[in-house]
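Me: I'd like to learn how to read a structure with bound molecules in it. Could you walk me through one?

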Amino acid sequence: MKTPVQITVTGAAGQISYVLLSRLVAGDLLGDDQPIALRLLEIPEALGVVRGVNMELIDYASPLLEDVIISSDPEVAFKDADLAFLVGARPRGPGMERQDLLQMNADIFSVQGKAIDAAAKRSVKVLVVGNPANTNALIALRNAPGISPRNFTAMTRLDHNRAVSQLAQKCGRTTRDIRQVAVWGNHSTTQHPDLCHALVDGKPALDWVGRDWYENDFIPTVQKRGAEVIQARGKSSAASAANAAIGHMRDWVLGTPPDDWTSMAVHSDGSYGIEPGVMCSFPVRVRDGDYAIVQGLEIDAFTQERIKATETELMIERDMVRHLLG
Ligand code: NAD
Ligand code: LMR
């Protein structure tokens, strides 16, 4: 029998976690022979709801679920974590921009970064989902000096998946036929979903769809999809966000397919001229649990300008939370 993987989920009473936890106990992350132990973090007022969620997890009768610990103490929740999903944060409502969340949510990630530093395994893989995800991840990693910045990532996989699906639909193909879509920058409306290297059925995506659709339809649709879902549902995306979190973490642990890459916001090393140290989405490949930014892609003037805009936003956000960066 394998040793259980210790997984921390924050915001365990929330709508994303409700789906995420059910996918975890079903074995969708690491397969149906890998036991898991869950540590669920919530604010004290929401612990009753988490107990209800836990009853449901028990009622799955999953052979994979070895243990569940529920706590409002971050150091208890991150104890010995192998994998951590940082979901807990206030979501955007209709009409709000992501930057509105910055001051509201920033303190959470400074406290949790310190707790990760104090309690988690040094090899922990941290995925920040709570918005503004890139800058929250930066706050968390800067408050965890004992852990490599490479162990912190933020989620742009939902944007990546949205881009893949929009492209597949436009071309009348399935998502299985799409490769090498890239999302650059911030998980916000400045993000740049890039089709310049994407392939549909092995042929250049831009030959399938043309530049007009790419620039005037595809890019704004992907950039504004989160707000569109909020407008339609009255709440921010949940099932698709949980699915993206599973996909991001699974690829990080088990690797990306040999003929493709994915998009993750990672600590910039200056690749493609992007400000070192900001948490920027790049195309990445993963081998042996370690990611590498895809190198050597040709960047045209249009793409360069879009990447610059989203990088600038990341630098502005970083400067807004400088007091929390340790
Ligand atoms: P939700 O309001 O349903 O749940 C959030 C939960 O976090 C709540 O139960 C709340 O009590 C809890 N929480 C608040 N502060 C906490 C703390 N200090 N410690 C632990 N838990 C805490 O929200 P949701 O819809 O599940 O969304 C969660 C976050 O994910 C939001 O910030 C949302 O904007 C973000 N999100 C990100 C993406 C992405 O692609 N990166 C996609 C969708 C949503
Ligand atoms: C999304 O992209 O769906 C989420 O980040 C929610 C939001 O605020 O847009």
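**Reading the two ligands**

Reply: Sure, let's start with one contact: a nitrogen atom of ligand 1 has a backbone N or O atom of Met 155 3.4 Å away. Keep in mind that this is a predicted model.

Me: How much of the 870 Å² of accessible area that ligand 1 has on its own does the protein cover?

Reply: The idea is to take the ligand alone and then see what the protein hides. For ligand 1, the protein covers 86% of that 870 Å².

Me: Which other polar contacts go to a nitrogen atom of ligand 1?

Reply: For a polar contact, look for a pair of N or O atoms within 3.5 Å. Gly 11 has a backbone N or O atom 3.4 Å from a nitrogen atom of ligand 1. With Gln 112, an N or O atom of the side chain is 3.4 Å from a nitrogen atom of the ligand.

Me: And how many residues surround ligand 1?

Reply: There are 24, and the closest are Gln 15, Ile 16, Glu 42, Val 129 and Asn 131. You can also sort such a shell by residue type: around ligand 1 there are 12 nonpolar, 10 polar and 2 charged residues. Then look at the helices: helix 1 (15–25) and helix 4 (100–119) each supply at least two residues of this shell.

Me: Why does ligand 1 lie between domain 1 (5–154) and domain 2 (157–320)?

Reply: To place a ligand, check which domains its shell comes from. Ligand 1 lies between these two because both give residues to the shell around it. As for pockets, ligand 1 sits in the largest one.

Me: Now the other ligand. Which residues surround ligand 2?

Reply: Read the shell along the chain: Arg 92, Arg 98, Asn 131, Leu 158, Arg 162, His 187, Gly 226, Ile 230, Ser 236 and Ser 237 surround ligand 2. By type, that shell has 2 nonpolar, 5 polar and 3 charged residues. Helix 6 (157–171) and helix 8 (225–233) each supply at least two of its residues. Domain 1 (5–154) and domain 2 (157–320) both contribute to this shell, so ligand 2 lies between them. Ligand 2 sits in the largest pocket.

Me: Which side chains have a polar atom close to an oxygen atom of ligand 2?

Reply: Go through the distances one by one. For His 187, a polar side-chain atom is 2.6 Å from an oxygen atom of ligand 2. Ser 237 has a polar side-chain atom 2.7 Å from an oxygen atom of the ligand, and for an N or O atom in the side chain of Asn 131 the distance is 2.8 Å. Ligand 2 exposes 260 Å² when taken alone, and the protein buries 95% of that.

Me: What should I look for in the backbone?

Reply: Here's the general idea: most peptide bonds are trans, and most residues other than glycine have a negative phi. Now look at the bond from Asn 131 to Pro 132, which is cis, with omega near -5°. Pro 132 is in the loop between strand 5 (125–128) and helix 5 (133–142).

Me: Is phi of Asp 80 positive or negative?

Reply: Positive, near 60°, and Asp 80 is not a glycine. You'll find Asp 80 in the loop between helix 3 (74–77) and strand 4 (83–86).

Conventions. Residues are numbered from 1 along each chain as its sequence is written. Chains are lettered from A and ligands numbered from 1 in the order in which they are written. This is a predicted model: local features need pLDDT of at least 70, side-chain atom pairs count only at pLDDT 80 or more; totals for chains, interfaces and linings use all residues. Side-chain values use heavy atoms; hydrogens and water are left out. A residue is near a molecule or strand if one of its heavy atoms lies within 4 Å of it. A polar contact is a pair of N or O atoms within 3.5 Å; within protein, one must be able to donate a hydrogen and the other to accept it, and residues adjacent in sequence count only if both atoms are side-chain atoms. Accessible areas come from the Shrake-Rupley method with a 1.4 Å probe; for residues, only the protein chains shown count as cover. On a 1 Å grid over the protein atoms alone, a cavity is a set of points where a 1.4 Å probe fits but cannot get out, and a pocket is an open set with protein on both sides within 12 Å along at least five of seven lines; lining residues have an atom within 4 Å of a point. A molecule sits in a cavity or pocket if more than half of its atoms lie within 2 Å of its grid points. Helices (H or I, at least four residues) and strands (E, at least two) are DSSP runs, numbered from the N terminus. Ala, Val, Leu, Ile, Met, Phe, Trp, Tyr, Cys and Pro count as nonpolar, Asp, Glu, Lys and Arg as charged, and the others, Gly among them, as polar. Domain bounds come from an automatic or database domain assignment.
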